[in-house]
Amino acid sequence: MCRTHATVRRVLGELVAGGDDMTVVDMEAGLEHLSRGTTRASDTMLVVAEPYFKSLETARRAYELAKELGIPRVFVVANKSRGPRDEEAIRTFCERNHLDLLAAVSFDDTVLEAELGGAAVLDVNAQASSVMQIQRLADLITAL
Amino acid sequence: MGGSVNGGHRVAVCGKGGSGKTTIAGTLARVLARRGRHVVAIDGDSNPNLALTLGLPRAEAQRIPPLPRDLLVERTDPSGERSYVLREPPDEIIRTYGVHTPDNVMLLLMGRVDHAGAG
């Protein structure tokens with residue numbers, strides 16, 4: 001087993017014992033960590049999906065793997081949706097494949113602006129649409 | 001809040017490269033921290049850039065050392081089964097290697113994957 005992944009799982013698995021309130025893990029891109037079981041120690045898995053078929057397909061596989069691993073709560077979070085048509089496409093895909101869609105974050109130029117400047121979107125504009133939508137996502141996660 | 005035994009909630013964010021998972025993970029961590037939650041953020045990506053989303057300047061973000069490899073010690077139990085265990089308790093690891101970020105999210109960096117010798 002790759003030691004980096006083993007460390008993630010160990011630290012993640014035991015962090016809660018240290019009394020931390022919330023732990024948020026930015027996972028390795030792709031599915032490899034799922035097949036290795038790195039994420040098994042999570043309570044909630046958010047699978048970020050963009051509104052195009054390849055991304056949704058990857059999200060579906062990640063979602064199903066996470067379920068198989070026994071992660072108690074698995075959700076899709078739609079990202080970079082550019083309007084009602086994108087949102088509808090994501091919703092339809094999730095319904096068809098029995099994926100639980102938790103929230104949608106719209107495409108936001110402020111994110112691009114932040115990335116170009118090597119900064120955080122929250123620091124560029126705390127009122128940006130993506131930030132507001134992530135705040136709603138935080139509400140939902142806190143309420144789980 | 002449900003989840004694990006003593007109330008902590010471990011949220012993993014995954015997705016394809018470029019999906020925006022880091023923006024969502026980092027902003028989510030900061031939003032929760034601004035609401036007064038104690039948040040630990042772990043960058044488990046082999047191409048780490050969560051630090052920027054957490055509000056650290058680029059120069060500072062590049063100086064963060066990843067967790068040392070030897071934090072995991074291989075153990076063989078009497079039945080011959082091998083496993084990895086942590087050398088230090090997790091709260092000790094956070095205290096020693098955690099990086100403070102502007103909204104008080106504590107950041108841990110798992111490090112770039114260097115497959116040589118990584119098993």
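Visitor: What follows α3(A), and what is the sign of its phi there?
Guide: In this predicted model, α3(A) is followed by A:Gly70, and the phi of A:Gly70 is positive, near 90°.

Visitor: And where is A:Ile71 placed?
Guide: A:Ile71 sits in the loop between α3 and β3 of chain A. With 20 other C-beta atoms within 10 Å, A:Ile71 counts as buried, because the cut-off for that class is 20 or more. In sequence A:Ile71 and A:Asp43 are 28 residues apart, while their C-alpha atoms are 5.9 Å apart in space.

Visitor: Back to the helix, then: what should the 16 residues of α3(A) span, and what do they span in the model?
Guide: At 1.5 Å a residue, α3(A) should span 22 Å, and the C-alpha atoms at its ends are 22 Å apart, so the two values agree.

Visitor: Which residues of α3(A) are buried?
Guide: The buried residues are A:Ser55, A:Leu56, A:Thr58, A:Ala59, A:Ala62, A:Tyr63, A:Leu65 and A:Ala66. As background for reading such a list, an α-helix has 3.6 residues a turn, so residues three or four places apart point the same way.

Visitor: What does α3(A) link along the chain?
Guide: Strand β2 (residues 44-49) of chain A and β3(A) pair in the parallel sense over 6 bridges, and in that pairing A:Leu46 stands opposite A:Phe75 in β3(A). The chain crosses from β2(A) to β3(A) through helix α3, residues 53-68 of chain A, and this β-α-β crossover is right-handed.

Visitor: And how many bridges join β3(A) to β4(A)?
Guide: There are 5 bridges between β3(A) and strand β4 (residues 101-106) of chain A, and these strands run parallel; A:Val77 has A:Ala103 in β4(A) as its bridge partner. Here the chain passes through helix α4 (residues 84-96) of chain A on its way from β3(A) to β4(A), in a β-α-β crossover that is right-handed.

Visitor: How many residues of β3(A) are buried?
Guide: Strand β3 of chain A, residues 73-81, is mostly covered, with 8 of its 9 residues buried. A:Lys80 is found in this strand, and A:Lys80 counts as buried because it has 22 C-beta neighbours inside 10 Å. The phi of A:Lys80 is near 65°, which is a positive value in a residue other than glycine.

Visitor: Stepping back, how many helices and strands does chain A have?
Guide: Chain A has 7 helices and 4 strands, and from the N terminus on its elements run α-β-α-β-α-β-α-β-α-α-α. Of its 144 residues, 49% count as buried. Among the contacts in chain A with a separation of 6 or more, 63% come from residues 24 or more positions apart.

Visitor: Switching to chain B, which way do the residues of β2(B) point?
Guide: B:Val39, B:Ala41 and B:Asp43 point one way from β2(B), B:Val40 and B:Ile42 point the other way, and all are buried. In a regular strand the side chains alternate between the two faces of the sheet. Strand β2 of chain B covers residues 39-43, and 5 of its 5 residues are buried.

Visitor: Which strands does β2(B) pair with?
Guide: In chain A, strand β1 (residues 22-26) pairs with β2(B) in the parallel sense over 5 bridges, with A:Asp26 opposite B:Asp43. Within chain B, 4 bridges join β2(B) to strand β6 (residues 106-109), and these two run parallel; there B:Ile42 stands opposite B:Leu108.

Visitor: Is B:Asn104 buried or partly exposed?
Guide: B:Asn104 is partly exposed, because it has 14 other C-beta atoms within 10 Å. B:Asn104 lies in the loop between β5 (99-100) and β6 of chain B, and has a positive phi of about 70° although it is not a glycine.

Visitor: What confidence does the predictor give chain B?
Guide: Chain B averages a pLDDT of 83, and 87% of the residues score at least 70. Among the elements of chain B, helix α1 (residues 21-34) has the highest mean pLDDT, 97, and strand β4 (residues 82-86) the lowest, 77.

Visitor: Where in chain B does pLDDT stay under 50?
Guide: It does so over residues 1-6 of chain B, for which the model has 11 contacts beyond four places in sequence. Over residues 113-119 of chain B the pLDDT is also below 50, and this stretch has 10 contacts in the model beyond near neighbours in sequence. Where pLDDT is low, the predicted coordinates should not be read in detail.

Visitor: What ipTM and pTM does the complex get?
Guide: The predictor gives the complex an ipTM of 0.91 and a pTM of 0.88.

Methods:
Residues numbered from 1 in each chain as written. Chains lettered and ligands numbered in written order. Predicted model: local features only at pLDDT ≥ 70, side-chain atom pairs only at ≥ 80, totals over all residues. pLDDT = per-residue confidence, 0-100. Contact = placed C-beta atoms within 7 Å. Buried ≥ 20, exposed ≤ 12 C-beta atoms within 10 Å, placed from the backbone. Pairing = 2+ DSSP bridges. Right-handed = clockwise from strand over helix to strand, strands pointing away. Expected span 1.5 Å × (residues − 1).
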